[in-house]
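Here's a quick tour for anyone meeting this protein for the first time. Have a look at the sequence and the fold, then read on for the pockets, cores and sheets.

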Amino acid sequence: ALLLVAVLYIVLLESPWLGTTLTPSSIKRIMARNSTGVCRTSLELQLRDSCAPIVTQFGSTSPSKTSVRTSSGRLLPSTLPEGLCSLPGVAVRDSLQIESALPEGFWKGLWERAYESEQGPDFWARVEEWALAARTWTEPPPSQPPPVEDYVYLAHHTLPCFQNSERVPIPICRSTAGAESGTEVEVELVVEECGGGAKAGKDFEAKTHKVRFPAYKDAAVVYVPIMHHEDLWQNSYWFQVRLAGVVSGSGILASPTQATVLVLDDDRWPANIPESKRGGRGISLMRYFVHADSVRRGEKWKKTMIAMCWLPVHSVFVSTLVQKILVDHVAASILSTSEQKEVVWLYGEALVLVLIQLLSLGLNRWADVVQTRNRGRTGGIRQVHRSDLLRKFMHLEHSEHWLATDASWLYSAIYDADVITGKAYFQVFVLAQSVVALSLSIVLVVALSFWGYLKQRSTASFAESPGTLQSIWYIAGVFIIIPLGMLGVWLRSKLTWVAVIARKELECAWFKSCTWIITNWRHFFGLSSAERVALEKRVLKQNGEFVPAHWDARDTMNDTSWITIWIQGVSYCAMLIFGLFALCEYNRYGIGAMEVGTFYALCKIYLSVGKYVGRLSGVFVNMQQAIVSLREIAALLNQTDQKSQRREARRWARVARLHGKATMLRRNSDQQRCALSIRFGGAGELSSLPKGVCFVRPPGNKVGSTFAELRLRQCEVPLGSVVHVTARNERILRTFLGLASQVLQPTSEVGQELPDEALGVDVPSGLKVMMLPTGSIGMGTTAPSIIEQLEFTGAPRSLCYALAQCVGLEPDRETASLGTGSSQVFSIIRSLLLDPDVLCAFRPLSVVPMDMRRQMSFLMRLWQGGGGLPRIADFLGFAPEVAGGSAAKTAEAPMVYRSSVRTLVVGNPEEDLWGGFPSDTHLDLEEFLVKDDFPLASTPSFRGPS
C-alpha cells in the first residue's frame with residue numbers, strides 16, 4: 001500500500017498540468033527541431049556526406065549538363081573532348097564524381113548579366129545618355145525649388161540627450177519665406193517607438209503634438225518627457241519623432257521630417273556604482289552587480305532564492321530528524337515494550353515519519369523545478385550581458401574601437417559573460433543555500449546535544465556528565481570548521497587573482513589569433529606552406545605560454561578549495577573516533593548519551609557541514625575568479641561611447657534653456673538648398689584651435705591601416721557637385737574623408753577631446769553624411785542574401801531587386817560568397833539606396849570589375865547630379881514617390897519636399913574614369929596639410945611609403 005501511495009504521489013507531482021515536467025506538446029516541439037530524425041548534428045551529417053560521391057541538382061538546369069571533379073578538386077565540364085580522361089590528375093570516367101550542372105550564366109561577367117536583366121538595357125541607355133549630357137555642364141545643376149515657399153521641417157535628423165535631463169527639446173523650423181508671409185501654419189508631430197530599444201511609457205512619453213507657428217514665427221520647440229531610471233545602467237537607446245502632416249495652413253513638409261532621439265546614459269555599470277568603490281578587493285563591485293541583476297530579475301530572483309534555500313531543508317534537516325527518531329525512538333521503543341497497543345501506535349508513528357519523508361521529497365522536487373525555471377542563468381543573465389556587450393560594441397564610434405581590441409570584446413562576450421553568470425550571479429544562491437544548510441546543521445547539533453542532556457539529567461549533574469562535555473566538543477567542532485575554512489580561502493585571494501589574470505590575458509591573446517585564422521580562411525590560398533607553418537608556430541607559441549598559466553590558475557584554485565576539505569576531513573575523522581568510543585561507552589557501560597541514531601545523525605551532519613562548507617569555500621574561490629571578469633566587463637561597458645553625440649547633447653541642452661535661441665537651429669531656405677560647404681576650421685567657433693584641425697590617434701593605437709594622424713589649415717569642401725580630393729598619403733586622405741563624413745571626430749594636438757564650443761569640422765545641420773566602407777560589408781549569416789541586406793536600407797524591395805540586377809548581382813545570392821569586386825559593387829549600391837546628402841568615397845572603383853567600372857562611375861554621377869535615389873528609381877521605371885522624390889506624396893503620407901542636391905566626395909579618383917566633367921570641383925589636400933612642427937611627424941608611425 002505504501003508503495004502504491006508513493007507511485008501515485010510521483011505521478012501526481014510529475015504532471016505536465018502542474019508544470020513540474022515537460023508536456024507532450026513540448027516533447028514533440030523539441031523532437032521536431034531535429035528534422036533528420038537522427039541524433040547527429042547538421043555539421044556531422046554534412047561532413048559525413050562529403051566523404052561519398054553525391055549527385056546534386058541545381059534546380060531547373062538540365063540533368064544532361066554535368067561536370068567532373070579532378071583529384072585536385074578542380075571542376076571541369078563533362079562536355080569536354082574525350083581526351084579529357086587522359087589528362088594528368090583526372091581519374092577514369094567510371095570513377096569521376098558527378099557534379100550538378102552549372103547555373104545558367106555561370107561564365108558571364110557582371111556587365112553581361114546586368115545588360116541581360118529585364119530593365120538593364122533601357123536603364124543603362126538612359127544612364128549613358130544622361131552622362132553624355134553631364135559632360136557639357138560647366139557648373140552643378142541647381143536644386144529643384146519646393147512647390148511652395150512655406151515649408152516646415154525638423155532642425156536635425158539626430159537629437160541626442162541625456163537620460164537624466166527628464167525631457168528632450170525637439171526644434172522645428174519654418175522657412176523664412178513662410179514665416180514672413182504673415183500666415184499661420186499648424187503641423188502634427190508624432191512621438192513613437194522605432195525599434196531602437198526605447199519603450200513607450202517606460203522610457204519616454206509617446207504622444208501626438210499639435211505645433212502651431214504664428215505669423216512671423218520661424219521656430220518652435222516641443223518638449224518630450226523621458227524617464228530617468230535612477231541607478232540603472234543602460235546602453236544608449238532611441239525613439240523617433242516625425243512630422244505627420246500639416247493640420248492647417250498652406251505650407252508643406254520638408255526633409256528631414258523624421259528624427260531619431262538618442263537617449264544617452266551617464267550611469268556606471270553595474271547599478272551606477274560610485275567610482276570610489278570600484279577598487280579594492282572587488283566586494284563592492286560584486287555587491288552592486290548582484291543587486292542590479294536581482295532588481296532586473298524581480299520576482300523570478302526571489303522565487304529562485306526561496307527555492308534554493310529550501311532544498312537543504314530536506315537533505316539536512318528532515319531526513320536527519322526522521323532517521324534519528326525512527327532509530328532511537330520508534331525502533332528502540334518497539335524493542336523495549338511489551339504492550340500491543342503501544343506497539344501499534346509506534347508502527348503508526350513510523351508510517352507517519354515515512355510519509356513526512358515522502359512529502360518532504362515532493363516539496364524538494366517542487367523547489368528544484370522552481371529554481372531551475374526561474375534562475376535565468378542563460379536567457380536571463382548570460383545572454384543579457386552578452387547582448388549588452390554586443391550593443392555597446394556596435395554603437396561605438398570608429399575611433400572608440402581603437403581603445404580595446406575586437407578580440408577583447410569577443411572574449412569578454414563569450415568567456416567573461418559566462419564566468420560572471422556561473423561564478424558570480426548563481427553563486428549568490430549557492431552561498432545562501434550553504435548558509436541555510438550550515439545553520440540547520442548547527443541547530444541539529446545543538447538539538448541533539450540538548451536531547452542527550454535532558455536524557456541523562458536525571459542520573460548525573462551537568463558538571464559530572466562526560467556526555468555533556470562530549471556534546472560541547474561536537475558543537476565546537478562545527479563552529480571551528482566554518483571560520484577556519486573561510487579564513488584560509490581569504491588569505492589566498494591575492495594569489496588567486498594574480499593567477500587568474502595571467503591565465504585570462506594569455507588565453508585572450510591565443511583567442512585573438514585563433515579567431516583571426518578561422519575568420520580569414522578565404523585569404524589562405526595566398527599563403528605558402530612555409531607561411532602557414534610559421535603562422536601555426538606563432539599560435540602554438542601563444543598556446544605554450546597559455547597552458548602553464550592555466551595550470552597555475554587551476555592548481556591555485558584547487559589548492560584553495562582543498563583548505564576547507566582538509567579541515568572538514570580532519571574534524572570528521574575526530575568525530576568518528578570519539579563518537580564511536582562514546583557510543584560504545586553508552587551501550588556497554590551506560591556512560592554518556594550517545595545513542596545509535598545520534599551517532600548516525602552526527603555523521604550525517606558532519607558530512608553535510610563538510611559538503612556545504614566546501615561549497616561555501618568554492619563560492620568564495622569562484623567569486624574571486626569572477627571579480628576579474630566583472631572588472632573586465634565593467635571596463636568595457638563603462639567606456640565612454642558616442643562622444644560626438646554627447647557633445648551634441650550638451651549643445652542641445654544649452655539651446656533648450658534659451659528658448660529664444662531656437663532660431664539658431666533654423667536654416668535659411670537659400671542656405672539649406674545651395675551654397676553650403678563642410679568647413680574644416682573657421683574663425684569664431686574654432687578660436688580655441690589656432691593651429692587648425694587636428695586628428696591624433698590614441699596612445700595605444702598609433703598605427704593603423706585605414707586612418708592616420710593629420711593637421712589641417714582652414715579649408716572647406718563645397719557641396720552640390722563631385723569633389724575630387726587628392727593627397728599623396730592615402731591614409732591621411734582617408735582621415736580627411738572620415739572627418740568630413742563624421743566617421744572620425746577632431747581632437748586636440750595631444751589627442752584629447754575638444755571642448756563643446758569647438759566644432760572642428762562644421763557640417764551643415766540636417767544633412768545626412770556617410771562614408772563608403774573600404775572593405776566588404778556582407779553581414780554573413782545575419783543577413784545571408786544580397787536582397788535581405790539591401791532591404792535593411794529601408795528602400796522598397798522591388799527597387800532593391802531591380803538595382804541589384806542592373807549592376808549584375810544576383811539578389812538571392814549570399815553576400816559572403818561575393819568576390820572582392822562584386823562586394824565593392826554591392827557596397828556602392830547599398831550606399832546609394834541609403835541616399836545620403838553627402839557621400840565620401842576613397843577610390844570607390846579601384847577593385848570594381850573592369851567591365852563595370854565605367855558604368856558604376858556613371859551610376860554614382862547619376863545619383864549625385866540627377867537628384868539622388870529618386871532619379872535612379874525613375875530610370876529603373878519606378879515612380880519618384882517610391883524612393884522619396886523631391887516632392888513625394890503617397891496616399892498614406894503627406895507631400896514632403898527634399899532638396900535634390902547631393903554631393904560625392906571622391907578621394908584620389910582615377911582620371912580615366914572620373915575626368916572630363918567640367919562641373920567637378922578639385923581640392924588638393926597637400927596645400928592645406930600642416931607638416932612643419934607637427935609633434936608626431938617624426939615618429940615611426942609616419943615613416944615609409946603610405
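Let's start with a pocket: the residues lining the second largest one split into 9 nonpolar, 6 polar and 7 charged. Keep in mind that this is a predicted model. Zooming out, the protein has 946 residues, and 47% of them count as buried. Its secondary structure adds up to 24 helices and 24 strands. If you take contacts between residues at least 6 apart in sequence, 78% of them link residues at least 24 apart.

**The second largest pocket**

- This pocket has a volume of about 530 Å³.
- It is lined by 22 residues, and W233, Q234, N235, R296 and D388 are the closest to its centre.
- Two helices, α7 (283–297) and α10 (377–394), each bring at least two residues to the lining.
- Of everything that contributes to this pocket's lining, α10 gives the most, with 5 residues.

**Closed-off space inside**

- Rolling a probe the size of a water molecule over the atoms is a way to see where empty space remains.
- In this model, there are 4 cavities of 30 Å³ or more.
- The second largest cavity comes in at about 80 Å³.
- Its lining includes W130, A134, W137, P140 and P141, and further along the chain V722, R861, Q864, G865, F917, S919 and D920 also line it.
- Helices α5 (120–134) and α22 (853–866) each supply at least two of this cavity's lining residues.
- The largest share comes from α22, with 3 residues.
- By type, the cavity lining breaks down into 7 nonpolar, 3 polar and 2 charged residues.

**Nonpolar cores**

- In soluble globular proteins, nonpolar side chains tend to be buried together.
- The largest nonpolar core here has 53 residues, and L809, M856, L859 and I872 have the most contacts inside it.
- Apart from that core lies another one of 51 residues, with V428, F429, C508 and M623 among them.
- What does L809 touch, leaving aside residues up to four places away in sequence? The list is L110, I786, A804, L818, S822, V825, F826 and I829.

**Strand β4 and its partners**

- Strands of a sheet pair through backbone hydrogen bonds, in either a parallel or an antiparallel way.
- Strand β4 (residues 151–154) pairs in the parallel sense with strand β11 (residues 252–254), over 2 bridges.
- Within that pairing, Y151 stands opposite I252 in β11.
- β4 also runs antiparallel to strand β6 (residues 167–174), and 3 bridges join the two.
- One bridge pairs V152 with R174 in β6.
- Are the faces of β4 covered or uncovered? Both are covered: Y151 and Y153 on one side are buried, and so are V152 and L154 on the other.

**A three-stranded open sheet**

- Elsewhere, an open sheet of 3 strands follows the order β16-β13-β18, and its pairing is antiparallel.
- Its edge strands are β16 (715–718) and β18 (761–762), each of which pairs on one side only.
- Strand β13 (residues 677–680) is joined to β18 by 2 bridges.
- F680 has V761 in β18 as its bridge partner.

Definitions and conventions: Residues are numbered from 1 along each chain as its sequence is written. This is a predicted model: local features need pLDDT of at least 70, side-chain atom pairs count only at pLDDT 80 or more; totals for chains, interfaces and linings use all residues. Side-chain values use heavy atoms; hydrogens and water are left out. On a 1 Å grid over the protein atoms alone, a cavity is a set of points where a 1.4 Å probe fits but cannot get out, and a pocket is an open set with protein on both sides within 12 Å along at least five of seven lines; lining residues have an atom within 4 Å of a point. Grid points are joined across faces, edges and corners, and a volume is the space filled by probe spheres set on the points. Helices (H or I, at least four residues) and strands (E, at least two) are DSSP runs, numbered from the N terminus. Ala, Val, Leu, Ile, Met, Phe, Trp, Tyr, Cys and Pro count as nonpolar, Asp, Glu, Lys and Arg as charged, and the others, Gly among them, as polar. A nonpolar core is a set of buried Ala, Val, Leu, Ile, Met, Phe, Trp, Tyr and Cys residues joined through side-chain atoms within 4.5 Å. Buried means under 20% relative accessible area, exposed over 50%, partly exposed in between (1.4 Å probe, protein chains only). Contact means heavy atoms within 4.5 Å. Two strands pair if DSSP finds at least two bridges between them.
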